[in-house]
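Please take a look at the protein below and turn it around a few times before reading on. We will walk through it together, one step at a time.

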Amino acid sequence: MKASRRRQLQREHRPENIARRLAKTPRPQRLSDMVLGAIDGCVTTFAIASGAFGAGFSPLVVLAMGMANLLADGISMAVSNYEAVNAQQRFAENARRTEEEHIHLVPEGEREEIRQIFANKGFSGENLEHIVETVTANRGLWIDTMLIEEYGLSGSAPNPLASAWWTFIAFIVVGVIPLLPFLVPVLDFSRQFIASSLLAALVFFTIGLLKGWVYDSSPLRAGMTTLLLGSCAASVAYFVGQAAERLFGTI
C-alpha cells in the first residue's frame with residue numbers, strides 16, 4: 001500500500017505535473033458550506049420531530065412544523081453564511097487596500113516587514129536580502145505575501161452567493177430526510193418516530209464519514225463524533241418537549 005502510494009506521489013510531483021497543478025486557479029472548497037447546511041438541516045427537522053414526539057403532538061403537527069422550519073431556517077442559514085463569507089471577503093479587500101496604501105506611503109517600512117517575516121522563517125544574510133528584493137520587486141507578489149503572512153488570508157476568496165446556495169441546498173435536501181417517515185400513514189406515530197431517528201442517525205454518521213474521507217482523517221471517528229453531536233441536540237429537544245407536555249399538556 002505504501003509503495004503504491006509512493007509511486008502515485010512521485011508521478012504527481014514530476015516537474016510537468018507540478019507546473020500544471022500550480023497553473024490552475026485554486027477553487028474554493030464547498031465542503032464546509034455543505035456540511036454546515038446538512039448538519040443544521042438534519043438537526044433542525046429531527047429536533048422538531050423529537051420535541052413534538054416528546055410533547056405528544058400529532059404527526060401532522062410534526063410535518064407542518066418541520067416543513068415550515070425547513071424552509072425558514074434554510075433561508076436563514078443561507079443568508080447567515082452569505083453574510084459571513086461576504087464579511088470575510090470585505091475584510092480581505094480592505095486588507096489589500098491597506099497594504100497597497102502602506103507600500104505607496106512607507107515602502108521602506110513594508111520592505112522591513114518582509115525582511116523580518118522571512119528572517120523569522122530562518123533566512124539570513126544574502127539569501128534573506130535576495131528574497132526581500134525578489135518579493136518587493138513585484139508589487140502584486142509583495143501585496144499577496146503581506147496578506148498571507150500578516151493577515152493569514154488565502155489567495156482564493158470564496159463567493160458569498162455560491163456559499164449561500166450550497167448551504168441552502170444541503171440544508172433542504174438533508175433536512176427533509178427525518179420528516180419522510182411521517183409521510184407514511186400506515187405507520188403509527190411511535191414507529192414513524194423510530195424510523196425518523198434511524199434515518200437521522202444514518203445521516204449524521206454519513207456526514208461524518210464523508211468529512212473524515214475528504215480530510216484524510218479517521219472516517220469512523222468522524223462519523224461517530226458527528227452522530228454523537230447530532231444525537232445530543234435531538235435529545236435536548238426531546239426532553240424539552242416532554243417537559244412542555246407535563247407543564248402545559250398535549251396540544
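The paragraphs below go from the overall layout to pairs of helices, then to the cores and a few single residues.

Keep in mind as you look that this is a predicted model. What is the chain built from? It has 10 helices and 0 strands, and reading along the sequence gives the pattern α-α-α-α-α-α-α-α-α-α. Of the 251 residues in the chain, 33% are buried. Now consider which parts of the sequence meet in space. Among contacts between residues at least 6 apart in sequence, 72% join residues at least 24 apart.

Next, let us look at how helices pack. Two packed helices are described by the angle between their axes and by the distance between those axes. Start with H3, which covers residues 31-55, and H8, which covers residues 160-175. Their axes lie 7 Å apart, and the packing angle is about 35°. The crossing of H3 and H8 is right-handed. On the H3 side, the residues in this contact include Asp33, Met34, Leu36, Gly37, Cys42 and Thr45; on the H8 side, they include Ser163, Trp166, Phe171 and Val174. Sorted by class, the residues of the contact of H3 with H8 are 8 nonpolar, 7 polar and 2 charged.

Now move along to helix H5 (residues 107-119) and helix H7 (residues 139-151), whose axes are 11 Å apart and meet at an angle of about 55°. That angle makes H5 oblique to H7. The crossing of H5 and H7 is left-handed. If you would like to find the contact in the model, look in H5 for Pro107, Glu110, Arg111, Glu113, Ile114, Ile117 and Phe118, which meet Trp142, Thr145, Met146, Glu149 and Glu150 in H7. The residues of this contact of H5 with H7 divide into 6 nonpolar, 1 polar and 5 charged.

H7 has another partner to visit. Helix H6 (residues 125-136) and H7 have axes that come within 6 Å and cross at roughly 110°. H6 and H7 are therefore roughly perpendicular to each other. Here Thr134, Val135 and Thr136 of H6 make the contact with Leu141, Trp142 and Thr145 of H7. By class, the contact of H6 with H7 has 3 nonpolar, 3 polar and no charged residues. Two names may look familiar, since Trp142 and Thr145 are also among the H7 residues that meet H5.

With these helices in mind, let us go inside. How many residues does the largest nonpolar core have? The largest nonpolar core has 23 residues, and those with the most contacts inside it are Cys42, Val62, Val174, Phe182, Phe204 and Ile207. Helices H3 (31-55), H4 (59-105), H8 (160-175) and H9 (189-214) each supply at least two residues of this core. Which helix gives the most to this core? H3 does, with 9 residues. There is also a second, separate core of 14 residues, which includes Phe118, Leu128, Val135 and Met146.

Phe204 deserves a closer look. Leaving aside neighbours within four places in sequence, phenylalanine 204 is in contact with Ile39, Cys42, Val43, Gly223, Thr226, Leu227, Gly230 and Ser231.

Finally, let us visit three single residues. Glycine 74 sits in helix H4. Is glycine 74 buried or exposed? Glycine 74 is buried, because its relative accessible area is 0%, and buried means under 20%. Apart from residues up to four places away in sequence, glycine 74 touches Asn69, Phe168 and Phe171. The C-alpha atoms of glycine 74 and glycine 41 are 7.2 Å apart, although 33 residues separate the two along the chain.

Alanine 164 lies in helix H8 and counts as buried, at 10% relative accessibility. Not counting neighbours within four places in sequence, alanine 164 is in contact with Ala78, Asn81 and Tyr82. Alanine 84 is 80 residues from alanine 164 along the chain, with 9.6 Å between their C-alpha atoms.

Leucine 198 is found in helix H9. At 59% relative accessibility, leucine 198 counts as exposed, because exposed means over 50%. Leucine 198 and proline 178 are 20 residues apart in sequence and 8.5 Å apart in space, C-alpha to C-alpha.

How values were computed
Residues numbered from 1 in each chain as written. Predicted model: local features only at pLDDT ≥ 70, side-chain atom pairs only at ≥ 80, totals over all residues. Heavy atoms only, no water. Axes fitted to C-alpha atoms, helices over the stretch in contact; angles between N-to-C directions. Helix = DSSP H or I, 4+ residues; strand = E, 2+ residues; numbered from the N terminus. Parallel < 35°, antiparallel > 145°, perpendicular 65-115°, else oblique. Left-handed = near helix turned anticlockwise from the far one by under 90°. Contact = heavy atoms within 4.5 Å. Nonpolar A, V, L, I, M, F, W, Y, C, P; charged D, E, K, R; others polar. Core = buried A, V, L, I, M, F, W, Y, C linked by side-chain atoms within 4.5 Å. Buried < 20%, exposed > 50% of the residue type's maximum accessible area, 1.4 Å probe, protein only.
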